[in-house]
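Welcome, and please open the model in your viewer. We will walk through it one selection at a time.

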Amino acid sequence: MSAAPQSGAVAPAPKSIGSDDYALSRVPRDKRFGFWSMLLQWLAQSGSISQFTLGATIGVGMTFGDAFLAFTLGAVILEVVIFAIGLAGMREGLATPMLTRWVGFGRNGSALVSFVIAVSLVGWFGVQNKIFGDSVSELVGGPSWMWCVLAGIAITALVIFGFRYMANFAKVVTPLFFGMVAFSVIRTLNDHSFSDLVHSPPPGETIPLAVAATAIAGGYMTGAIVSPEMTRYNRKGSHVFLQSASSMILSEYIVGLTGVLLGHLVKSSEVSHIVLSTSGAFGVLVVLMSTAKINDWNLYGSSLGVVNFFQVVFNKRVHRGAVTIVLGIAGTVLSAVGIMSHFTEFLTILGVAIPPIGGIIVAEYWVVKRMRKPLDETREAQTLPAHSPTWVPMSIVIWIAAFCVGKFYDGGIPALNSLATAFVLYSALGLLGWIKPYGTSVLADEQDEQDRPAPAARTTTPVGAA
């Protein structure tokens, strides 16, 4: 039996409900998932009525050909970002908050990254939950707050038990959603000429290509930055590319462009009734389940950010399951009383603040490569480095500068502008040797092990593993 932890060390997390899901460690190789299970997780992110609505909104203001270009631009941008960041997450088995300790930001900087990501994702969880409640209220009756509470409880219960349960849920929801949508859309379009819809002029005010691409790429950019939350469970880099590319093809080209055709057909962005009216109560249930499947990732990503934040700032290791309960209750209550709808503008600002994190990660991990050496040295052993940089001040400066470009420069896509600015600045300054870490921090769990008497036999459990 080991001695009690010394003063200042972080004790292992107590047993708690749900799964800690390797919140503070690498995901072991033997705990990762196969190609098809992960593919369904990726495809589940495409299964939303809101994507049809986005396509219809673009279709109202663009020809089919122009819409195709807009979706292509958005898909390419997103896929490049997802693959570059997601591949790093797969190689290291780490989520974005932990990855940033050794990739660009240092220990204390990772706490700031975690805070921004956690606030943004739990905020969007509340906003989406509110939209969910309002939609169900309109479809089947009952007060919106009641549906918000029921949905919030259901999603929180799912996320508490972690990635494996979320993957199993995706196996059920994803085929049901796309099967139901295919039936409804084909049935509707069969009565009209496909050629006429493709070549018909946009029925509404023209939408510029840049504006459409902004809506497509910018709307999911935060999700792209936190893609390691999912890809850390992948086994191969080729799987990351094939699965994320499949999700982009389904989401942008099939779902999005189908929405464009529906927008041309009804001459409005209000196309959700087409799916719901032809599918009955079963269709409503499937749509609700698919919406929950997308929103669970907001809560899951937020919980991982909070766990890292607490370890760095308060030197306390909290269980991810317990954090999920607190965040789920907070987001659910705020959505039920209608407060979250007032935070949309603030969350949009965070949507410009988060992409530079991705730009810095990509620049450091794939171009500069000056801070990731400890990860390279410990990857094969599936442990974490014993030390990490404490601060990387220049990264914070670059982050602020990139945010200002994304926020105040009027041209292009704001989220992409801030990401590209961070990538270029970090790459240039890093290669010139101007980006230097300051201080060294001992990994809390590793310090805990060092302070204990050596046992007769050491296990090889990765540092921080649940």
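This tour starts with the whole chain and then moves from stop to stop.

**The whole chain**

Before selecting anything, keep in mind that this is a predicted model. Show the chain as a cartoon, and you can look for 21 helices and two strands. The chain has 466 residues, and 56% of them are buried. Now switch on the surface: about 19,300 Å² is exposed, with carbon and sulfur atoms supplying 67% of that area. How much of the contact pattern joins residues at least 24 apart? Taking contacts between residues at least 6 apart in sequence, the share is 87%.

**Colour by confidence**

Next, colour the chain by pLDDT. The mean is 84, and 87% of the residues reach 70 or more. Select residues 1-11, where pLDDT stays under 50. The model gives this stretch 17 contacts beyond four places in sequence. Then select residues 445-466, another stretch where pLDDT stays under 50, this time with 37 such contacts. Where pLDDT is low, the predicted coordinates should not be read in detail. You may like to fade both stretches before going on.

**A buried glycine**

Select Gly 305, which sits in helix 14, residues 280-314. Is Gly 305 buried or exposed? Gly 305 counts as buried because its relative accessibility is 0%, and the cut-off for buried is under 20%. Now add Ile 117 to the selection. The two residues are 188 places apart along the chain, yet their C-alpha atoms are separated by 6.4 Å. To see what Gly 305 touches, show Pro 97, Ser 114 and Ala 118 as well; these are its contacts once residues up to four places away in sequence are set aside.

**A network of charges**

Side chains of opposite charge can pair when their charged atoms come close. The count for this model is eight salt bridges. Select Arg 26, Glu 92, Arg 372, Asp 376 and Arg 379 together, and you have a linked network of salt bridges. Zoom in on Asp 376, where two of the pairings can be followed. Towards Arg 372, the closest N and O atoms are 3.2 Å apart. Towards Arg 379, the N to O distance is 2.4 Å.

How exposed are these side chains? Asp 376 is partly exposed, with a relative accessible area of 31%. Arg 372 counts as buried at 9%, and Arg 379 is also buried, at 19%.

**A bridge between distant parts**

Now select Arg 29 and Glu 380. They form a salt bridge whose closest N and O atoms are 3.8 Å apart. This pair links distant parts of the chain, 351 residues apart: Arg 29 belongs to the segment before helix 1 (35-44), while Glu 380 belongs to the loop between helix 18 and strand 1. Arg 29 is partly exposed at 38% relative accessibility, and Glu 380 is exposed at 65%.

**Two residues with a positive phi**

Stay in that loop between helix 18 and strand 1 (387-391) and pick Gln 382. Gln 382 has a positive phi of about 60 degrees although it is not a glycine. Most residues other than glycine have a negative phi. Gln 382 is partly exposed, at 22%.

Then move to Lys 369, in the loop between helix 17 (355-368) and helix 18 (373-378). Lys 369 is not a glycine either, and its phi is also positive, at about 60 degrees. With a relative accessible area of 45%, Lys 369 is partly exposed.

**A nonpolar patch**

Turn the surface back on and select Ile 329, Val 333, Leu 334, Val 337, Ile 339, Phe 343 and Phe 346. Together they make a nonpolar surface patch of about 600 Å². Which helix gives the most to the nonpolar patch? Helix 15, residues 320-336, does so with three residues. Ile 339 lies in the loop between helix 15 and helix 16 (344-353), and is partly exposed at 36%.

**Last stop: cysteines**

Finally, how many disulfides are there? The count is zero. Select Cys 148, which is buried with a relative accessible area of 0%, and then Cys 404, which is partly exposed at 34%.

Note on methods:
Residues are numbered from 1 along each chain as its sequence is written. This is a predicted model: local features need pLDDT of at least 70, side-chain atom pairs count only at pLDDT 80 or more; totals for chains, interfaces and linings use all residues. Side-chain values use heavy atoms; hydrogens and water are left out. Helices (H or I, at least four residues) and strands (E, at least two) are DSSP runs, numbered from the N terminus. Buried means under 20% relative accessible area, exposed over 50%, partly exposed in between (1.4 Å probe, protein chains only). Contact means heavy atoms within 4.5 Å. Accessible areas come from the Shrake-Rupley method with a 1.4 Å probe; for residues, only the protein chains shown count as cover. Patches are made of residues with over 30% relative accessible area and no salt bridge: like charges are joined within 9 Å, nonpolar side chains (Val, Leu, Ile, Met, Phe, Trp, Tyr) within 5 Å. A salt bridge is a side-chain nitrogen of Lys or Arg within 4 Å of a carboxyl oxygen of Asp or Glu. pLDDT is the predictor's confidence in each residue, from 0 to 100. A disulfide is a pair of cysteine sulfur atoms within 2.5 Å.
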